[in-house]
Amino acid sequence: MDIAEILDKGGIIVWLLLGYSFISLIIVIERLIHYSLTKKPVKDFEQGLDDAIRQQNVGSWLKNMHGPEARLMQAIYSAWKNNIHDLQSVASRKGSEELIRMQRGFRTLSIMGNTAPLLGLLGTIIGMIKAFMVIQVAGGQVDAQALAGGIWEAMLTTGVGLAVSIPILLILHFLEGITERRAITMKDYSMQLLERISHLDEADEQNQTTALKKGLIHAV
């Protein structure tokens, strides 16, 4: 059986499932291109961050980074420079934005993967109804071979539905795994930056206190 015969026997349901496959393929290709163009997490991030803090060039160091982790940390650092105290909220909001960007199209893939078998089953039920209607019209005297042909044609849509659904769901889980790993990396990087920022706040307070004391001494 070739593709043309499947499309002819399956009717509109198979055409709809073919549309599912085409849309899913476009989404998957777009996501893979997006991930390939997204910069990888920085190696030795903790050491690089500590060096940037010692050299007092954290802002410029973060600007040279790219990718979702970089955008998250740049937002946290910018909020800290603007004296925003609830940095955890900033990290949570910006992290959610980056995850939504990475998960674009996932909902569509999930809907298609889960409804493709149901759509195929609907086609099978419709085909079985037609087959039994033929039996009723013929008064029960139907050639077994013709009946078998009508039944397998009806079950064809279920097979196509499963053939479309399984790859979509497998690829979806693969893409979800990629985003989950990046989400863990983003959380780890942001927590390290938040920990360092708290120490930077303490260091700034100490420097200000020291400067104030020196000013008072000189004034006396």
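**Cores, confidence and a charged network in the predicted model**

The largest nonpolar core has 22 residues, and Phe45, Trp61, Leu62, Met65, Met73, Ile76 and Leu193 are the ones with the most contacts inside it. Two or more residues apiece come from helices H3 (45–54), H4 (58–63), H5 (68–81), H6 (87–102) and H8 (144–219). H5 gives the largest share, seven residues. Take Leu193: leaving aside residues up to four places away in sequence, it touches Leu49, Leu62, Met73, Ile76 and Tyr77. There is also a second, separate core of 20 residues, with Leu17, Tyr20, Ile27 and Leu172 among them.

All of this comes from a predicted model, so a word on confidence is in order. The protein chain has a mean pLDDT of 79, with 79% of its residues at 70 or more. Among its elements, helix H2 (residues 12–37) comes out highest, with a mean of 90, while helix H1 (residues 3–10) sits lowest at 63. Then there is the stretch over residues 202–220, where pLDDT is below 50; beyond near neighbours in sequence, that stretch has one contact in the model.

Not every nonpolar side chain is tucked away. Leu25, Ile29, Ile33 and Leu37 make a nonpolar surface patch of about 410 Å². Leu37 belongs to helix H2, and this residue counts as exposed because its relative accessible area, 67%, is over the 50% cut-off.

On the charged side, a search of the whole structure turns up eight salt bridges. One of them pairs the side chains of Arg71 and Glu98, at 3.0 Å from N to O. This pair links distant parts of the chain, with Arg71 in helix H5 and Glu98 in helix H6, 27 residues apart. As for burial, Arg71 is partly exposed at 29% relative accessibility, whereas Glu98 is buried at 0%.

Glu98 also has a partner in its own helix: Arg101 forms a salt bridge with Glu98, the closest N and O atoms being 3.9 Å apart. Arg101 and Glu98 are three residues apart in helix H6, so about one helical turn separates them. Arg101 itself is partly exposed, at 31% relative accessibility. Through shared partners, salt bridges join Arg71, Arg93, Lys94, Glu97, Glu98 and Arg101 into one network.

Within that network, the side chains of Lys94 and Glu97 meet at 3.6 Å, N to O. Lys94 and Glu97 lie three residues apart in helix H6, so they too are separated by about one helical turn. Lys94 is buried, with a relative accessible area of 17%, and Glu97 is partly exposed at 37%.

Notes. Residues are numbered from 1 along each chain as its sequence is written. This is a predicted model: local features need pLDDT of at least 70, side-chain atom pairs count only at pLDDT 80 or more; totals for chains, interfaces and linings use all residues. Side-chain values use heavy atoms; hydrogens and water are left out. A nonpolar core is a set of buried Ala, Val, Leu, Ile, Met, Phe, Trp, Tyr and Cys residues joined through side-chain atoms within 4.5 Å. Buried means under 20% relative accessible area, exposed over 50%, partly exposed in between (1.4 Å probe, protein chains only). Helices (H or I, at least four residues) and strands (E, at least two) are DSSP runs, numbered from the N terminus. Contact means heavy atoms within 4.5 Å. pLDDT is the predictor's confidence in each residue, from 0 to 100. Patches are made of residues with over 30% relative accessible area and no salt bridge: like charges are joined within 9 Å, nonpolar side chains (Val, Leu, Ile, Met, Phe, Trp, Tyr) within 5 Å. Accessible areas come from the Shrake-Rupley method with a 1.4 Å probe; for residues, only the protein chains shown count as cover. A salt bridge is a side-chain nitrogen of Lys or Arg within 4 Å of a carboxyl oxygen of Asp or Glu.
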